[in-house]
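User: I have a structure open and would like to talk it through before going back to the bench. Can you walk me through it?
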Amino acid sequence: PMRTLAALLAVGLTCGVALADSPTLTPKEAAKHIGEHATVCGRVASARYVVGAKGGPTLLNLGEPYPRHIFTLVIWEDDRPKFGEPEKLNGQNVCATGTIKEFGGKAEIVLKDPTQLKVSAGR
């Protein structure tokens with residue numbers, strides 16, 4: 001039983017370290033990390049709630065404004081009430097954590113829970 005406990009602790013600690021080691025990336029670096037779980041930090045260069053579009057996405061573009069955007073945070077309409085009015089984050093520095101996906105040749109993270117998004121203090 002002690003050996004089993006030690007093995008479980010070792011696995012738990014290893015997993016904990018792996019999660020804590022999620023890389024922190026810039027919007028430009030994110031494109032090289034598709035499929036990885038990471039944190040991407042940058043300034044919201046443009047923000048838009050696309051009313052009427054399928055799924056009603058709110059798009060927060062980091063680094064450069066649309067259509068020159070290099071990285072996008074997507075909040076679908078079903079999850080939007082949890083975030084208040086996320087387009088008000090325009091111009092602010094944010095960090096978002098999740099799995100980086102590719103859509104239309106650009107990197108993105110879909111945000112489902114407000115704990116995935118942190119607003120950074122000035123700069």
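Analyst: What follows is a short tour of the fold, the strand pairing, the disulfide, a few single residues and a pocket.

User: Fine, what kind of model is this, and what secondary structure does the chain have?

Analyst: This is a predicted model. The secondary structure of the protein chain comes to two helices and eight strands, and from the N terminus on the elements run α-β-α-β-β-β-β-β-β-β.

User: What share of the residues is buried?

Analyst: Of the 123 residues in the protein chain, 34% are buried. As for how the chain folds back on itself, 50% of the contacts between residues at least 6 apart in sequence join residues that are at least 24 apart.

User: Which strands does S2 pair with, and in what sense?

Analyst: Strand S2 covers residues 37-49 and pairs with S3 in the antiparallel sense over five bridges, while seven bridges join S2 to S5, also in an antiparallel arrangement. With strand S1, residues 24-25, the pairing is parallel and rests on two bridges.

User: Give me some residue pairs so I can find these on screen.

Analyst: For S1 and S2, look at leucine 25, whose bridge partner in S2 is valine 40. For S2 and S5, histidine 37 stands opposite threonine 99 in S5, and for S2 and S3 you can use alanine 47, which stands opposite leucine 60 in S3.

User: Is S3 mostly buried or exposed?

Analyst: Four of the five residues of strand S3, residues 58-62, are buried, so the strand is largely enclosed by the rest of the structure. Apart from its pairing with S2, S3 is joined by five bridges to strand S4, residues 71-75, and the two run antiparallel; there, asparagine 61 has threonine 72 in S4 as its bridge partner.

User: What about the loop between S3 and S4, which residue is worth a look there?

Analyst: Proline 67 is found in that loop between S3 and S4, and the peptide bond leading from tyrosine 66 to proline 67 is cis, with omega near 5°.

User: Switching topic, how many disulfides are there, and which cysteines are involved?

Analyst: The count comes to one disulfide, and it joins cysteine 41 to cysteine 95 with an S to S distance of 1.9 Å. Cysteine 41 lies in strand S2 and cysteine 95 in strand S5, residues 93-99, so the pair ties together parts that are 54 residues apart in sequence.

User: Which hand does it have, and how accessible are the two cysteines?

Analyst: The torsion about the S-S bond of cysteine 41 and cysteine 95 is about 115°, so the disulfide is right-handed. Cysteine 41 is partly exposed, with a relative accessible area of 22%, whereas cysteine 95 has a relative accessible area of 18% and is buried; the cut-off for buried is under 20%, so the two cysteines fall on opposite sides of it.

User: Which residues does glutamine 116 touch?

Analyst: Setting aside neighbours within four places in sequence, glutamine 116 is in contact with Cys95, Ala96, Thr97, Gly98, Ile109, Val110 and Leu111. Glutamine 116 sits in the loop between strand S7 (106-110) and strand S8 (117-119), and at 17% relative accessibility it counts as buried. A polar atom of the glutamine 116 side chain lies 2.6 Å from the backbone nitrogen of lysine 112.

User: And isoleucine 75, where is that and how accessible is it?

Analyst: Isoleucine 75 is placed in strand S4 and counts as buried, at 0% relative accessibility. Beyond neighbours within four places in sequence, isoleucine 75 is in contact with Gly56, Pro57, Thr58, Leu60, Arg80, Phe83, Pro86 and Leu111. Isoleucine 75 and glycine 55 are 20 residues apart in sequence, and their C-alpha atoms are 9.3 Å apart in space.

User: Last one, how much space is in the largest pocket and what lines it?

Analyst: About 390 Å³ of space lies in the largest pocket. Its lining is made up of 17 residues, of which Leu59, Tyr66, His69, Thr72 and Phe103 lie nearest the centre. The elements that give two or more residues to this lining are S2, S3, S4 and S7, and the largest share, three residues, comes from S2.

Methods
Residues numbered from 1 in each chain as written. Predicted model: local features only at pLDDT ≥ 70, side-chain atom pairs only at ≥ 80, totals over all residues. Heavy atoms only, no water. Buried < 20%, exposed > 50% of the residue type's maximum accessible area, 1.4 Å probe, protein only. Pairing = 2+ DSSP bridges. Polar contact = N/O pair within 3.5 Å; in protein donor to acceptor, adjacent residues only side chain to side chain. Contact = heavy atoms within 4.5 Å. Disulfide = S-S within 2.5 Å. 1 Å grid on protein atoms, 1.4 Å probe; cavity = no way out; pocket = protein on both sides within 12 Å on 5 of 7 lines; lining within 4 Å. Points joined across faces, edges and corners; volume = space filled by probe spheres on them.
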